[in-house]
Amino acid sequence: MTAARSGGEAQLDVITIGRASVDLYGQQIGSRLEDITSFAKSVGGCPANIAIGTARLGLRSALLTRVGDEQMGRFIREQLQREGVSVSGLVTDPARLTALVLLSVEDEGVSPMIFYRSDCADMALAPDDVDEAFVASARAVVVTGTHFSRDSSEAAQRKAIRIAKENGRKVVFDIDYRPNLWGLAGHAEGFERYVKSDKVSGKLKTVLPDCDLIVGTEEEIMIASGSDDVLSALKTIRSQSPATIVLKRGAMGCIVYAGPISDDLEDGVVGKGFPIEVFNVLGAGDAFMSGLLRGWLGGESLETAATWANACGAFAVSRLLCSPEYPTWEELQFFLRNGSPHRALRKDEVLGQIHWATTRRRAIPSLMALAVDHRVQLEEAARKTGAAPSRIEDFKVLAVKAAARVAAGRDGYGMLIDERLGRKAMFEFAKHSFAWLGRPVELPGSRPLRFEFSQDIGSQLAEWPVEHCIKCLCFYHPDDSPALKSEQQEKLRSLYDAARKVGRELLVEIIAGKHGRLEDDTVPRALEELYGVGIKPDWWKLEPQASANAWAMIEDVIAANDPYCRGVVLLGLEAQHDALEAAFSATADAPVVKGFAVGRTIFMDAAERWLAGAISDEAAIEDMATRFEKLTEAWLAARSRKAA
């Protein structure tokens, strides 16, 4: 490939180079690392964090590093892809393991950490891993201090700097000083921020002349210059480089120096500050850098870039993890416009909803689901046919095979499967490529709503795979008694809170027509009441409506209360195919309806005959597949007619 030369169009905004690890964060806040009993996993390492942070803010980012050829390396690769980060510079190292970091929040601003980085993959980054065309394709490269601590990784970064300079690209230096990664502190001192070292200073000083932007804390500015005070350090750096210098000062924000350094440390550009609770300082600098780069590369003023940097840092220090907690562009803009009534931003429900909705793991613009989460109905069918109840589990496996036959690996297909009778089916489901799986938590038929296994719903959800969506059916009518509505609202709110706490999506199914009249305004009123108590599910599952006006009202309620809602899927109850086809057509002018989740229309006939021993496994699969495919064709046809 031929490298793009100076002035050529860049395909990327920024390439970050260096550390990429898996962070394991202790979930018991206020505990010593010795006492942590469970951990949350996320992508970490300064350059990886910045790549994710900038991608969330709308920059075209890439990461240049190595990961191991194992599960943690694949996790980093897959998560970067989910975040929109280019992995074309991510090298898989077959001989080394991906780095790990164990961390905890022991006290405010105190976070012990242990780096597991002995001969790790990212430190083996070599000059041969640095492709000239790849580096030249970016407007800027970010080099990081730790990767100057080893000969091979240093040579790789020097090569990237050379290519960037030759092609008229920008060089950004995140000093990223971790003393124990230079061998200057013990294994238990991962949180140590500063150990003076002439050797480290001598190495980092040689990087300064090639830089366009230099970013560091007070300690990092001193180590990069070899000076013993901040003002002298700034002057030393200025003597070596004309780069814009950004001094990070924690809760005090930052100061940006674009020209000569005066004797007044405060004589620089200062962005707006954001007084917030300091919960966890780890990763805050990487969030800061993400906001800074979004402004700096976007041509904003230094004051604006500094303000965005401070805001992104504020998000990070007020939340637990590193990259998963960084704001998206929508979230940042909302915060800059509106602020927050909470010093602890993680407690702001409005920001939390924007963050959740704009960082979902995947887009699902359309959903056609075969629902086999039925329990009571299939148990009745087993009694009716004299079949052993255990055969229901085997039948649900056949239903999965039928759905997989129709889906054929295409996007937009899913299933509803329950825990009690569908455990085998869920294992079968995992063998196929589906877009979505919903799992019910309600006690079948309960009104007021009760959960099936335990009312402590949060403890159950923590065991679920992260991509499984919670589904909860509630028989709710806006004309119910105030006491009944209040009880059901509280139950649904507790489920919503648990879902957000454990990071699982939520589908709320509302059936109003079984316990009252179904007028045009019935379901819109029900949704308005549930939104009114703070329940914002990712999906709604609703019964077909009698008129286009009803759907228009539903759409208005959702848009007014949660514009980030994924949408509505239609339920089928026991409707025949023709009735469902008519229901699909009735939603043609309601783009909020994204699909359907239908069960008995598809599986009940096959279930009764199979449980009675009248048909084979293959015949049952084929019967369900035929019915499901016919329904999916009807849905797609209804959407196509609207598009035409």
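1. Let me start with Arg 383, which sits in helix 12, spanning residues 376–385. Please keep in mind that this is a predicted model. With a relative accessibility of 57%, Arg 383 counts as exposed, since exposed means over 50%. Its side chain makes a polar contact of 2.9 Å with the side chain of Glu 380. Asp 589 is 206 residues away from Arg 383 along the chain, and 43 Å separates their C-alpha atoms.

2. A nice counterpart is Ala 363, in the loop between helix 11 (349–358) and strand 14 (367–372). Ala 363 is exposed too, at 66% relative accessible area. Arg 566 lies 203 residues from Ala 363 in sequence, yet the C-alpha to C-alpha distance is 8.8 Å.

3. Now to the interior. The largest nonpolar core is made up of 83 residues, and Met 415, Leu 527, Trp 540 and Met 624 have the most contacts inside it. Helix 13 (residues 391–407) contributes the largest share of this core, with ten residues. Another core lies apart from it and holds 44 residues, including Ile 15, Leu 125, Val 130 and Ile 245.

4. Met 415 deserves a closer look. Setting aside neighbours within four places in sequence, its contacts include Ala 369, Leu 370 and Val 372, then Ala 399, Val 400 and Ala 403, and also Phe 429, Phe 434, Trp 436, Leu 437 and Gly 438.

5. Helix 20 (residues 600–611) is largely enclosed by the rest of the structure, because nine of its twelve residues are buried. Among the buried ones are Arg 600, Thr 601, Phe 603, Trp 610 and Leu 611. After helix 20 comes Gly 613, with a positive phi near 80°.

6. You may also enjoy the second largest pocket, whose volume is about 940 Å³. Its lining comprises 45 residues, and Arg 193, Thr 217, Val 281, Ala 284 and Gly 285 lie nearest the centre. By class, the lining has 20 nonpolar, twelve polar and 13 charged residues.

7. Which elements supply at least two residues each to the lining of that pocket? They are strand 2 (21–26), helix 1 (46–56), strand 6 (99–103), strand 7 (113–116), helix 6 (218–225), helix 8 (284–296) and helix 9 (302–317). Helix 9 gives the most, with five residues.

Key: Residues are numbered from 1 along each chain as its sequence is written. This is a predicted model: local features need pLDDT of at least 70, side-chain atom pairs count only at pLDDT 80 or more; totals for chains, interfaces and linings use all residues. Side-chain values use heavy atoms; hydrogens and water are left out. On a 1 Å grid over the protein atoms alone, a cavity is a set of points where a 1.4 Å probe fits but cannot get out, and a pocket is an open set with protein on both sides within 12 Å along at least five of seven lines; lining residues have an atom within 4 Å of a point. Grid points are joined across faces, edges and corners, and a volume is the space filled by probe spheres set on the points. Helices (H or I, at least four residues) and strands (E, at least two) are DSSP runs, numbered from the N terminus. Ala, Val, Leu, Ile, Met, Phe, Trp, Tyr, Cys and Pro count as nonpolar, Asp, Glu, Lys and Arg as charged, and the others, Gly among them, as polar. Buried means under 20% relative accessible area, exposed over 50%, partly exposed in between (1.4 Å probe, protein chains only). A nonpolar core is a set of buried Ala, Val, Leu, Ile, Met, Phe, Trp, Tyr and Cys residues joined through side-chain atoms within 4.5 Å. Contact means heavy atoms within 4.5 Å. A polar contact is a pair of N or O atoms within 3.5 Å; within protein, one must be able to donate a hydrogen and the other to accept it, and residues adjacent in sequence count only if both atoms are side-chain atoms.
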